[in-house]
Amino acid sequence: MTDKKLLEVKNLNLAFNPGNANEVKAIDNVSFDIYEGEVFGLVGESGSGKTTIGRTILKLYEPQSGEIHFEGKDVLKMKSVELRSFRKDAQMIFQDPQASLNGRMKVKDIIAEGIDIHHLAKNKEDRDNQVEHLLELVGLNKDHSSRYPYEFSGGQRQRIGIARALAVRPKFIIADEPISALDVSIQAQVVNLMKQLQKQEKLTYLFIAHDLSMVKYISDRIGVMHWGKILEIGTSDEVYGNPIHPYTKSLLSAIPIPDPQEELSRKPIEYDPTSETDGKKREMHEITPGHFVFSTDEEAAEFARG
Ligand SMILES: Nc1ncnc2c1ncn2[C@@H]1O[C@H](COP(=O)(O)OP(=O)(O)OP(=O)(O)O)[C@@H](O)[C@H]1O
């Protein structure tokens with residue numbers, strides 16, 4: 001991880017159906033940065049706004065306000081050439097490899113889609129070689145290239161999805177719950193592969209998850225989301241070892257402990273969301289170096305006292 005910011009998100013706001021009775025504030029004044037070479041984990045329960053943030057960063061949704069900068073460039077103002085280059089540099093890996101791979105295409109054509117769009121192969125032979133290399137990179141066999149997605153297991157399909165994302169040599173990958181549709185037994189394999197590729201290919205990740213144990217393992221820093229807001233940001237060790245916001249504490253207390261004896265004495269902490277609805281002015285306060293919590297001035301002083 002370097003000290004160069006690859007992605008900067010500032011005061012981002014996005015509501016679905018704005019002004020209507022069914023308005024949903026999916027992103028509520030969210031700010032965070034991701035450093036080059038970093039894995040930033042975004043956690044929170046279903047509906048907290050994680051996917052919407054990912055899709056907004058990739059310019060698939062238009063926010064009502066806020067800024068997104070990638071390598072210093074304003075993503076929301078990008079057009080034609082710049083946007084094309086951004087769409088190559090920033091890739092997405094989806095939750096459900098079954099749904100995100102076109103079942104009627106051969107694996108080699110799925111993986112090479114981006115290579116074709118961005119004209120990254122000199123000729124057919126070069127294209128085939130690149131696909132073979134990518135298959136090897138994700139732990140699949142080059143003989144797999146002429147097969148169809150249905151011939152693979154869930155874990156293998158996700159490896160194909162990873163190869164497809166890597167094919168255009170991106171700098172940044174948004175992985176949206178990449179393992180939650182997989183069998184528990186193979187989740188760790190896919191996370192290990194992603195971690196290994198991140199280091200080897202010098203990638204930066206936004207890793208979206210609700211599985212807190214995996215996100216801890218892969219992330220350098222973590223943002224905790226609830227109701228469209230980021231409530232806590234810190235290093236993975238800090239957020240897990242020293243959670244400050246009551247929501248984070250509650251979320252962590254819900255993780256089952258593998259040791260049956262300890263699991264018996266685990267006490268889930270119930271979260272009281274009043275602090276999110278009392279109308280008091282809150283912002284991110286740095287409680288200890290690099291550890292930020294969404295709080296009022298008074299709450300921040302209280303948190304700092306410990
Ligand atoms: N296209 C849409 N139109 C209207 N509301 C939407 C749309 N997409 C998401 N929402 C709403 O926005 C909120 C945030 O959803 P989002 O999918 O970003 O959450 P999430 O944290 O990624 O959840 P999950 O883990 O279930 O994917 C939810 O209340 C959701 O119902």
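## A guided tour from Lys59 to the ligand shell

Begin by selecting Lys59, which lies in the loop between helix H1 and strand E4 (65-70). The model on the screen is predicted. Lys59 has a phi angle near 65°, a positive value in a residue other than glycine. Is Lys59 buried or exposed? A residue counts as buried when 20 or more other C-beta atoms lie within 10 Å of its own, and as exposed when there are 12 or fewer. Lys59 has 17 C-beta neighbours inside 10 Å, so it counts as partly exposed.

Next, select Asn29, whose place is in strand E2. Here too the backbone deserves attention: phi of Asn29 is near 55°, a positive value in a residue that is not glycine. Around Asn29 there are 18 other C-beta atoms within 10 Å, and therefore this residue is partly exposed.

Now turn to the ligand and display its surroundings. Which residues form the shell around the ligand? They are Phe16, Val24, Ala26, Gly44, Ser46, Gly47, Ser48, Gly49, Lys50, Thr51, Thr52 and His210. Two elements, strand E2 (24-35) and helix H1 (50-57), each give two or more residues to this shell. To see the largest share, highlight H1, which supplies three residues. Strand E2 is also the strand in which Asn29 was found, and H1 is the helix that precedes the loop holding Lys59.

Colour the shell by residue class. Its members divide into three nonpolar residues, eight polar residues and one charged residue.

Then select residues 9-252. An unreviewed UniProt entry places the feature "domain: ABC transporter" on this stretch. Over these residues the chain is 39% helix and 25% strand. Mark the C-alpha atoms at the two ends of the stretch, and they will be found 26 Å apart.

Finally, return to the whole chain and show it as a cartoon. Its secondary structure comes to 13 helices and 12 strands. The radius of gyration of the chain is 20 Å, close to the 19 Å that the globule rule gives for 306 residues, so the chain is as compact as a globular protein of that length. Rotate the view to follow the principal axes, along which the C-alpha trace spans about 65 × 50 × 40 Å.

Two further values describe the interior of the chain and its contacts. Of the 306 residues, 37% count as buried. Among contacts between residues at least 6 apart in sequence, 64% join residues at least 24 apart.

Key
Residues are numbered from 1 along each chain as its sequence is written. This is a predicted model: local features need pLDDT of at least 70, side-chain atom pairs count only at pLDDT 80 or more; totals for chains, interfaces and linings use all residues. A residue is near a molecule or strand if its C-beta atom, placed from the backbone, lies within 6 Å of it. Helices (H or I, at least four residues) and strands (E, at least two) are DSSP runs, numbered from the N terminus. Ala, Val, Leu, Ile, Met, Phe, Trp, Tyr, Cys and Pro count as nonpolar, Asp, Glu, Lys and Arg as charged, and the others, Gly among them, as polar. UniProt positions are given in the numbering used here, feature names are shortened, and annotations may be inferred rather than shown by experiment. The radius of gyration is taken over C-alpha atoms; the globule rule is 2.2 Å times the number of residues to the power 0.38. Two residues are in contact if their C-beta atoms, placed from the backbone, lie within 7 Å.
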